[in-house]
Amino acid sequence: NDIKKVTFFMEECRRMDVPVLGPDVNESEQKFVVNQNGQIRFGLGAIKGVGENAVSSIVNEREENGLYSSIYDLCSRVYLRTVNKKTIESLALAGGFDSFNNVHRAQYFQTNQDGKSVLEQAIRFGNSSQEQKNSAQISIFGESSEEEISEPAIPHTEPWSTMEKLNKEKEVVGIYISGHPLDDFKLEIQSFCNTRLSKLQD
């Protein structure tokens, strides 16, 4: 609960070359945990707007029925009154869905012709899917009358810049996790330092 302490320990981990990974709905727990590779995984409970009940819903469903394959899969499986729009938006901004293949964070906020974002479409899809499952009836032949609802396509859009991505991350976590604002300038900084060092040596 103390962002200053979290920042301190993350810096200590970096100094000791211990990887600290961002939050992930397919691996994170409520609090910080160590994964099978010896890496520290950020806790979902440390994200603003993600309550303990929402984390429990996400983690319990994952443990019972396996990893989530997409935002649509997650929304069709978790309890959406607890894992609400604010929670899902915060997870997306913090990188909680980064493990889903071929989708980057900016795409989740891309809107369609009706002005609905991918996240809003996913929530609507999840509600419809859950309602269908709840009302599905077994026919006299023992077959389910349930029909699968197809997942809407996720539109293409340009990824956020490093700075934009980090700023949005900081909004919901309080610190930069996936990088640093100066990461794009590593080569320039290294070159400048080498030049200065060379001049000092001369």
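**Close-up views of a predicted model**

**View 1. Gln-110 and its contacts.** Setting aside residues within four places of it in sequence, Gln-110 is in contact with Lys-116, Ser-117, Val-118, Pro-155 and Thr-157. Everything shown here and in the views below comes from a predicted model. To find your bearings, look in the loop between helix H4 (85-94) and helix H5 (118-135), where Gln-110 has its place. Is Gln-110 buried or partly exposed? With a relative accessibility of 26%, Gln-110 counts as partly exposed.

**View 2. Gln-110 meets Thr-157.** How far apart are these two residues in sequence and in space? Along the chain, 47 residues separate Gln-110 from Thr-157, yet their C-alpha atoms are 7.2 Å apart in space. Their side chains make a polar contact with each other, at 3.3 Å.

**View 3. Helix H6 and its buried side.** Here you can follow helix H6 through its 12 residues, numbered 162-173. At 1.5 Å a residue, H6 should span 16 Å, and its end C-alpha atoms are indeed 16 Å apart, so the two values agree. Which residues of H6 are buried? They are Leu-166, Glu-169, Val-172 and Val-173. Because these residues cover an arc of only 130° around the axis, they lie on the same side of H6. A general rule helps here: an α-helix has 3.6 residues a turn, so residues three or four places apart point the same way. The buried residues of H6 pack against helix H1 (3-15) and H4. Just after H6 comes Gly-174, with a positive phi near 100°.

**View 4. An open sheet of three strands.** The strands are arranged in the order E1-E3-E2, and their pairing is mixed. At the edges stand strand E1 (20-21) and strand E2 (33-34); each has a single partner strand, so one side of each has no neighbour in the sheet. E1 and strand E3 (residues 40-41) run parallel and are joined by two bridges. To see this pair up close, find Leu-21, which stands opposite Arg-41 in E3.

**View 5. The largest nonpolar core.** This core has 42 residues, and those that touch the most other members are Ile-71, Ile-88, Phe-97 and Tyr-108. Two or more residues come from each of H1, helix H2 (52-65), helix H3 (71-77), H4, H5 and H6. What does Ile-71 touch, not counting residues up to four places away in sequence? Its partners are Ile-88, Phe-97, Phe-100, Tyr-108, Leu-119, Ala-122 and Ile-154.

Technical notes: Residues are numbered from 1 along each chain as its sequence is written. This is a predicted model: local features need pLDDT of at least 70, side-chain atom pairs count only at pLDDT 80 or more; totals for chains, interfaces and linings use all residues. Side-chain values use heavy atoms; hydrogens and water are left out. Helices (H or I, at least four residues) and strands (E, at least two) are DSSP runs, numbered from the N terminus. Buried means under 20% relative accessible area, exposed over 50%, partly exposed in between (1.4 Å probe, protein chains only). Contact means heavy atoms within 4.5 Å. A polar contact is a pair of N or O atoms within 3.5 Å; within protein, one must be able to donate a hydrogen and the other to accept it, and residues adjacent in sequence count only if both atoms are side-chain atoms. The expected span of a helix is 1.5 Å times one less than its number of residues. The arc is that of the directions from the helix axis to the C-beta atoms. Two strands pair if DSSP finds at least two bridges between them. A nonpolar core is a set of buried Ala, Val, Leu, Ile, Met, Phe, Trp, Tyr and Cys residues joined through side-chain atoms within 4.5 Å.
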